[in-house]
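Open the model in your viewer and keep the sequence panel beside it, since each stop on this tour begins with something to select. Take the stops in order, and look around each selection before moving on.

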Amino acid sequence: MNVKYKPQDLTRLPRSVEYRDKAVYMINQRLLPREFKVEAFKTVEEVAEAIKNMTVRGAPAIGAAAAFGLALYAETSKAKTKEEFFEGLERAYETLKNTRPTAVNLFWALNRIKRLVEEHKEDPLEEIKKLIVKEARKIADEDVEANLRMGHYGAEVLPEGNILTHCNAGSLATVHLGTVGAVVRVMHKEGTLKLLWLDETRPVLQGARLSAWEYSYDGLNVKLIVDNAAAFVMQQGLVDAVIVGADRIVANGDFANKIGTYMLAVLAREHGIPFFAVAPLSSIDMNLKNGKEIPIEERSPEEVLTCGGCKIAPDVPVYNPAFDVTPHKYLTGIITDRGVVWPPFKRNLRKLFNDLAKP
Ligand code: MRU
């Protein structure tokens with residue numbers, strides 16, 4: 001893959017998640033679009049709470065935030081013995097793990113560091129601490145590289161014209177650039193993106209608050225619609241392809257993404273519109289056979305009963321699943337950082353991982 005562009009060619013935004021001076025720095029996504037604020041998080045508990053309350057959200061971004069949470073523990077731990085340090089590390093791991101259940105990147109990042117520590121458990125404590133910080137930084141840097149590659153792969157296979165996306169799989173949802181974000185930014189750079197349709201994405205409004213903010217900030221031609229308008233826009237012939245991010249893709253190609261994604265996939269099929277998921281390998285969980293096995297997060301009724309802090313419904317019972325599962329039969333292809341995976345997904349995903357495991 002010939003990567004033509006650097007991140008700074010594609011966005012004016014800074015990284016969403018960074019680590020320096022014993023603190024995790026993150027853009028507070030709850031405040032956008034009213035206020036752009038980078039905040040410092042100085043304890044593991046603060047990082048975990050930021051993941052839970054969606055100060056930081058988006059699968060790769062929460063993976064990086066959790067990794068930096070462990071880096072923070074490593075650099076601030078007052079443990080006097082290795083044993084004490086490992087006990088504290090396990091507590092930090094559990095605290096960060098028990099935040100959001102659906103996006104696999106969180107577990108992928110935490111387990112990657114845990115495995116590394118296990119392999120080096122006989123090393124001097126100071127070395128182990130450095131190793132954790134280095135690995136967390138590597139996870140973040142690799143995410144940016146993966147996004148760049150997906151951006152280029154995606155722009156090669158997507159048709160020129162109008163693209164529709166859901167939620168926010170942009171720079172804010174990752175360390176930098178985004179998954180969908182990288183694809184539409186490369187298309188914009190190359191002049192093949194005419195219009196980017198953005199679904200509002202109730203109840204948390206990631207499309208309206210975050211995607212509309214970040215893509216317009218970078219000069220992309222965007223148009224915001226309410227979620228209910230997607231079918232009509234497709235019926236009018238105004239959408240050439242749909243691309244969405246993924247919180248967890250499983251071995252047969254079924255995938256979890258923001259609630260409403262499944263609805264779009266069915267609509268795209270009805271209207272003969274290509275439908276792609278864009279995700280790095282860190283979002284692919286080969287341990288689960290099909291989408292029924294993905295744990296789906298349910299969030300508070302408040303998100304549905306209110307909008308922008310205003311009460312919009314009486315206190316009736318609410319069902320608020322944060323994600324849904326799209327069966328793989330609706331997917332045209334999966335754009336990964338190692339190329340585009342086409343059907344049959346079960347065979348081709350297995351082949352991709354087998355090929356990568358070869359020396
Ligand atoms: O609940 P959120 O805002 O964390 O959900 C985010 C999504 O569903 C994204 O589409 C997904 O994480 C992919 S981000 C590159």
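Select Pro-33, which sits in the loop between β2 (23-27) and β3 (38-41), and bear in mind throughout the tour that the model in front of you is a predicted one. Now add Leu-32 to the selection and look at the peptide bond that runs from Leu-32 to Pro-33, because the bond you are looking for is defined by its angle: is it cis or trans? The peptide bond is cis, with omega near 5°.

Keep Leu-32 displayed and select Ala-208, a residue of helix α8 (residues 206-217). Although Leu-32 and Ala-208 are 176 residues apart along the chain, their C-alpha atoms are separated by 9.9 Å. If residues up to four places away in sequence are left aside, Ala-208 touches Asp-199, Glu-200, Trp-213 and Leu-224.

Go next to Lys-22, in the loop between β1 (17-20) and β2. The phi angle of Lys-22 is near 55°, which is a positive value in a residue other than glycine.

For another cis peptide bond, select Pro-343 and Pro-344, which are joined by a bond whose omega is about 0°. Pro-344 belongs to the loop between β16 (339-341) and α12 (345-357).

Now step back and colour the chain by domain, using residues 7-145 for domain 1 and residues 157-357 for domain 2, as the domain assignment gives them. The C-alpha centres of the two domains lie 24 Å apart, and 36 residues of domain 1 are in contact with 37 residues of domain 2. How much area is buried between domain 1 and domain 2? The area is about 3200 Å², and carbon and sulfur atoms give 59% of it. Select Leu-10, Leu-13 and Thr-102 here, for these residues supply 22% of the area that domain 1 buries against domain 2, more than any other three residues.

Stay at this interface and show the side chains of Glu-297 and Arg-100, which meet in a salt bridge with an N to O distance of 2.9 Å. Across the interface of domain 1 and domain 2, the rule finds 1 salt bridge, while the count of residue pairs in polar contact between the domains is 23. On the side of domain 1 that touches domain 2, the helices α1 (7-10), α3 (59-76), α5 (104-119) and α6 (125-157) each supply at least two residues. The residues of that side divide into 21 nonpolar, 7 polar and 8 charged.

For the last stop, select the ligand and display the residues around it: which of them are the closest? Of the 19 residues that surround the ligand, the closest are Arg-57, Arg-100, Asp-247, Asn-257 and Lys-258. Begin with Asp-247, where an N or O atom of the side chain is 2.8 Å from an oxygen atom of the ligand. Then turn to Asn-257, which has a polar side-chain atom 2.7 Å from an oxygen atom of the ligand, and finish at Lys-258, where a polar side-chain atom also lies 2.7 Å from a ligand oxygen atom.

Methods. Residues are numbered from 1 along each chain as its sequence is written. This is a predicted model: local features need pLDDT of at least 70, side-chain atom pairs count only at pLDDT 80 or more; totals for chains, interfaces and linings use all residues. Side-chain values use heavy atoms; hydrogens and water are left out. Domain bounds come from an automatic or database domain assignment. Contact means heavy atoms within 4.5 Å. Buried area is the accessible area (1.4 Å probe) that two parts lose on being put together, summed over both. A salt bridge is a side-chain nitrogen of Lys or Arg within 4 Å of a carboxyl oxygen of Asp or Glu. A polar contact is a pair of N or O atoms within 3.5 Å; within protein, one must be able to donate a hydrogen and the other to accept it, and residues adjacent in sequence count only if both atoms are side-chain atoms. Helices (H or I, at least four residues) and strands (E, at least two) are DSSP runs, numbered from the N terminus. Ala, Val, Leu, Ile, Met, Phe, Trp, Tyr, Cys and Pro count as nonpolar, Asp, Glu, Lys and Arg as charged, and the others, Gly among them, as polar. A residue is near a molecule or strand if one of its heavy atoms lies within 4 Å of it.
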